[in-house]
Structures are given as structure tokens and as C-alpha cells.
Amino acid sequence: MPRPQSFETQEVIEQAMQLFWRNGYVATGMSELLDATQLKPGSFYNAFGSKNEVFALCLAHYRDAVVRERVGLMLTMDHPIEAIEHFFLSCFEPLPRKELHGCLLTNTASELGSEDPEVKRLVVSGLKSIEAAFAERLTAAQEMGMLSKAASVDELALQLLTGFQGLNVIGKLTKSKSRMRAITRSILQSLPR
């Protein structure tokens with residue numbers, strides 16, 4: 001009879017997610033995963049199967065916890081353009097410079113591309129939820145007269161998503177919050193008024 005599981009699965013996924021977010025998929029070895037989660041190899045493999053399987057669980061957790069929370073806040077704010085700005089700033093403002101790891105979805109897309117269909121599906125679904133939230137806020141901005149009625153909301157939402165992903169890459173490289181604020185202002189100022 002198998003021994004009962006003596007750990008919280010969600011806690012382990014959170015610990016593994018933080019490690020992948022910091023180091024990336026390829027640079028994270030099994031020994032680091034075992035250290036971070038404080039699991040023995042047998043417990044890890046029985047619970048999660050493989051590094052790839054736990055990584056997929058981490059991506060789903062990131063999408064469902066981190067992204068959904070930040071998108072939800074953006075959608076509840078009264079001023080749509082300020083809400084978009086807050087979303088951009090929230091990816092780096094509250095964090096110490098040494099902890100600017102970018103967006104796990106962006107990092108994964110850059111590192112792994114479309115190598116694994118499940119990983120690709122999770123990344124795409126997370127990015128689509130951000131893009132859809134941008135479109136919703138842009139539509140509200142048009143209705144409030146803050147954005148040109150002639151502008152294509154879908155095109156602008158994709159432009160914002162692209163800018164947001166670029167901001168996350170730059171943030172990992174420079175870790176300069178002032179530079180990231182300037183990039184955010186530039187992206188938002190490019191919206192047609």
C-alpha cells in the first residue's frame with residue numbers, strides 16, 4: 001500500500017513555479033527542483049511524473065493565479081487607460097530590482113517557443129486573456145471619449161500585448177524601474193486619442 005502524501009501539492013507547485021520563473025525551464029535541474037520543493041525523488045516523481053509535467057502545472061498556476069489576479073484588478077478599475085498603465089506597472093513596481101524576472105509566459109515563449117504543445121497552449125491562453133482584457137479596457141476608453149473611435153481595438157490590444165511582452169524582456173535585462181516606467185509611458189502615449 002502506498003504511503004500517504006505528506007505535502008501540499010499547491011505549495012509545491014508554487015515553490016517550483018518561483019524557481020522556474022527565476023531560472024527558466026532549461027536552467028532548472030531536478031536537483032534544484034527537489035531542493036526548492038523539499039521533496040525526495042520518489043515523492044516528486046510519484047506526484048508529478050516529470051519535470052515537464054510539473055512545469056505545465058506551474059504555468060497553469062501562474063496563468064490562473066498571477067495573471068488572472070492582475071487582469072481582474074485591471075478590469076475593475078474605473079479609468080480604463082489608468083487601469084492598463086497600472087497593469088503594466090504592476091509587473092515591476094512592487095518588486096525589488098533583483099527580483100525582476102519578467103513574465104513567466106513571456107519567458108517561456110522566448111525560451112521554449114512551441115516545442116511542447118501543452119506548454120504552448122498554456123502560454124497562448126494566458127497571453128490571450130491579457131489581450132482580451134486590454135481590448136475590454138480600450139473599448140471602455142473609446143466609449144468614454146479617451147480613445148479615438150476610429151482606432152481598431154483589436155489591433156491596439158495586440159500592440160499593447162506586444163509592448164507589455166517587450167517591457168518584461170527589457171526589465172529582465174536592465175532591471176531599471178525608471179527605464180521601464182518610461183517605456184510604459186511611451187507605449188500608452190502611442191494610443192490614438
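Mentor: Buried means under 20% relative accessible area. Keep in mind that this is a predicted model.

Trainee: Fine. Are Phe20 and Phe55 buried or exposed?

Mentor: Phe20 and Phe55 are both buried.

Trainee: How many aromatic pairs are there?

Mentor: The count is ten aromatic pairs. One of them joins Phe20 and Phe55: the ring centres are 4.8 Å apart and the planes stand at 75°, so this pair is edge-to-face.

Trainee: Where do Phe20 and Phe55 sit in the chain?

Mentor: Phe20 belongs to helix H1, residues 9–23, and Phe55 to helix H4, residues 51–76. With their positions 35 residues apart, the pair links distant parts of the chain.

Trainee: What about the rings of Phe87 and Phe164, why is that pair tilted?

Mentor: Their planes are at 45°, so the pair counts as tilted, with the centres 4.9 Å apart. This pair also links distant parts of the chain: Phe87 is in helix H5 (residues 80–89) and Phe164 in helix H8 (residues 153–174), 77 residues apart.

Trainee: Why does Phe87 count as buried?

Mentor: Because its relative accessibility is 2%, and the cut-off is under 20%. Phe164 counts as buried too, at 1%.

Trainee: Which residues form a cluster with Phe87?

Mentor: Phe88, Phe134 and Phe164 join Phe87 in one aromatic cluster.

Trainee: Switching to charges, which residue lies over the face of Phe87?

Mentor: Arg70 does, at 4.5 Å from the ring centre.

Trainee: And what sits over the ring of Tyr25?

Mentor: The charged end of Lys51, 4.3 Å from the centre of that ring.

How values were computed:
Residues numbered from 1 in each chain as written. Predicted model: local features only at pLDDT ≥ 70, side-chain atom pairs only at ≥ 80, totals over all residues. Heavy atoms only, no water. Phe/Tyr/Trp six-rings, centres within 6.5 Å; stacked < 30°, edge-to-face > 60°. Helix = DSSP H or I, 4+ residues; strand = E, 2+ residues; numbered from the N terminus. Buried < 20%, exposed > 50% of the residue type's maximum accessible area, 1.4 Å probe, protein only. Lys NZ or Arg CZ within 6 Å of the ring centre and 35° of its normal.
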